[in-house]
Structure formats: structure tokens, C-alpha cells
Amino acid sequence: MTPTGYRPSLLRRVLRVLAIVACLPYISLKIVWVAGGTLGIPAGSELLEHRTLLAVANSISVLADIVVVVLALLLTQAWGLRVRAWLLAFPMWAATGLLTPIMAGYPAQLAVALLSGDERAAAPSEPFLDDWVFAVVYGGFILQGLTLGTLFVLYSRDRWGHVWQGRLGELSARTSGPGVRAVALAGAVVALLPATVQLIWLSGSTTGLSARRAAERDPDFYVLSAVHLAFLVAAVVFTLLLVLRRPARLGVRPVLALAWVSTGAMGCWGAYMSLVALQPETDVAKQVPALAQLSYAGQMITGFLLAACVAVFLRRRSAEA
């Protein structure tokens, strides 16, 4: 496929439209909130206590979703084929990392709610947002993830399909030298802290939780802890498989895909949670303990270290091919 005369297929055009449409509810809500509206925000919500912070955060969120729109266009236009690899790879890695845990976690929360009969299993116990907001926003995120992810796979197959061909044992030693293996091992060591903290929380302990968070634990809390632990383990395991090139008969494609997704989930969500935890809070019951902050930072560092290994592998593999 070359830029000259490039015309996206019907499937890609449909996916592009769906990806853009999926952004509209989220962007519309955020614009209303930035303008001072309270649509979907119940009286007594803590969001109303920090109007300036709410406006700033929502403005950033709008820009982030606009990036999704740009990506949907880039992946289906001739000019998108001429974009430098890193200019596309980083925002797609970040989008994948932010959306995938929602795509896994929210349906799991709904399933738990259905099985347990708890209609509020997928919403906070105290007023935060109206229930319909979660369904609209998270539903949009899931549709964005499915459509944008499919478009990226199709685009990558056409432009970089040679990178993920073959089996791990067929890769040359140059794709992951001693330095890359050392960084991957460092990421695995750092991952021990957040993994341990998640296991502690899943066991029922309140160690490292704020007083409010400890009091509000519900099935959602345990589902999200399990999701984050699963992505953390996957990031370590599949990145190590990739850089060690073992087991030899395992295909490069599934290992690379899972390493890409899981490192993004850890790096981006760890960074997001770290920023949230560092916000000033006067209410002692809401203050995030140091252990939780260290856990979030550990997730972020793990994700970035392992993602760096994946990036080096992609660059060297592409250069070889």
C-alpha cells in the first residue's frame, strides 16, 4: 500500500466514522462542564467543590479526545502513511493503554453487578456522577477502543506487517541486546511493589488505602485491582518473552501485541493515578497514603521501562527488515 492513489476500504471508512462519533458524547459533556454546567453531576458531588480544577482537567480531556479524532483520520488517509513512526506510535500506545483497562474493567463490573444483583456495582457509593454518565462515557470509550484499535491493526499490517512476522526463536540477537534485557529486568523488579500492593488489597487488607477508600470498598474495587494486577503481570511476562526470544516456537505477533497493550495500560494508568494522588487534599480521610502513591509510581515506571524495551525492539526489527 502506497500513499499515491490510496483509498481506504469501506470497512475503514465505517470504523473511522464510528470512532469519531464515539468521541462526541464525552467531548460534549466535558465542554458543558468547562462552561460551568452541571449536566450529569448530582448535587453534593465532590466535583462541584473544585470548579477551577474541574475546568482545567476537563479541558485537557477534551484535547485528549480530539487526539483520538485525529488518529482516526490519520489511520485512514493517504497523508497518514507519511507520518513518522514515532509521531503515530506514542499517541496510539497511550490511547491503547488508557482505553484497554476500561474495556476490560467496565464490562467485568457490569457482570459482577448482574450476578450479585447490586445495581450500583459500577458506580461510586457517594454522589459523584449520575449513573447514566458512566454508561454513556464508558460505552463511548469501549467503542473508541474497538474501532481505533482495529484501524491501527489494519494500518500496521499494511505499513509494518514485516515487523511481527515469524517466531521468537527466529529473531536475531540484535533485536534485544544486553542493555534491553537489563532494562526489562529492572522493570520486572520495580513491578514487585505495585503487584504486592494489589495482592494485599485483593486479600481484603486496607493497608495503603485512604480512610474513605477503605470504607467504600465494593465489588468494583476488587475488579479493578484484579484488572490492574493482570495487566501488570502481562506487561512483565510478555516483554521478557520478547527480549529473551523464548519460547522459540511462540509467534512474535501475539507476544508483541500483548506487550504493547499491557505496558501502555501500566504506564499510562500509573501516570494518571499518580497525578490524581498528588493533588492537594485538605480532607484527611481522602488523602492518598504514601504506599498507594508508591504503588502508582511503580506501575508508571514499570510501564515506561518495559515500553522502552518494546520500542527498541520495534526500531531494530524494522531496521533489519
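**Chat about T175 and the aromatic pairs**

Mentor: In this predicted model, a polar atom of the T175 side chain lies 2.8 Å from the backbone oxygen of S172, within the 3.5 Å allowed for a polar contact, which pairs N or O atoms, one able to donate a hydrogen and the other to accept it. Residues are numbered from 1 along each chain as its sequence is written. Local features need pLDDT of at least 70, side-chain atom pairs count only at pLDDT 80 or more, totals for chains, interfaces and linings use all residues, and side-chain values use heavy atoms, with hydrogens and water left out.

Trainee: Where is the place of T175?

Mentor: T175 sits in the loop between helix 4 (131–160) and helix 5 (178–202), helices being DSSP runs of H or I with at least four residues, numbered from the N terminus.

Trainee: Is T175 buried or exposed?

Mentor: T175 is buried, with a relative accessible area of 0%; buried means under 20%, exposed over 50% and partly exposed in between, using a 1.4 Å probe and protein chains only.

Trainee: And what is T175 in contact with, leaving aside neighbours within four places in sequence?

Mentor: Those residues are R245, F313, R316, R317 and E320, where contact means heavy atoms within 4.5 Å.

Trainee: Switching topic, how many aromatic pairs does a search of the whole structure find?

Mentor: The search finds 11, a pair being rings of Phe, Tyr and Trp (its six-membered ring) with centres within 6.5 Å. W269 and Y272 form one that is edge-to-face (planes over 60 degrees apart), at 5.3 Å centre to centre and 80° between the planes.

Trainee: Why are W269 and Y272 separated by about one helical turn?

Mentor: Because they are three residues apart in helix 8 (residues 252–277).

Conventions. Rings of Phe, Tyr and Trp (its six-membered ring) pair if their centres lie within 6.5 Å; planes under 30 degrees apart count as stacked, over 60 as edge-to-face and the rest as tilted. Helices (H or I, at least four residues) and strands (E, at least two) are DSSP runs, numbered from the N terminus.
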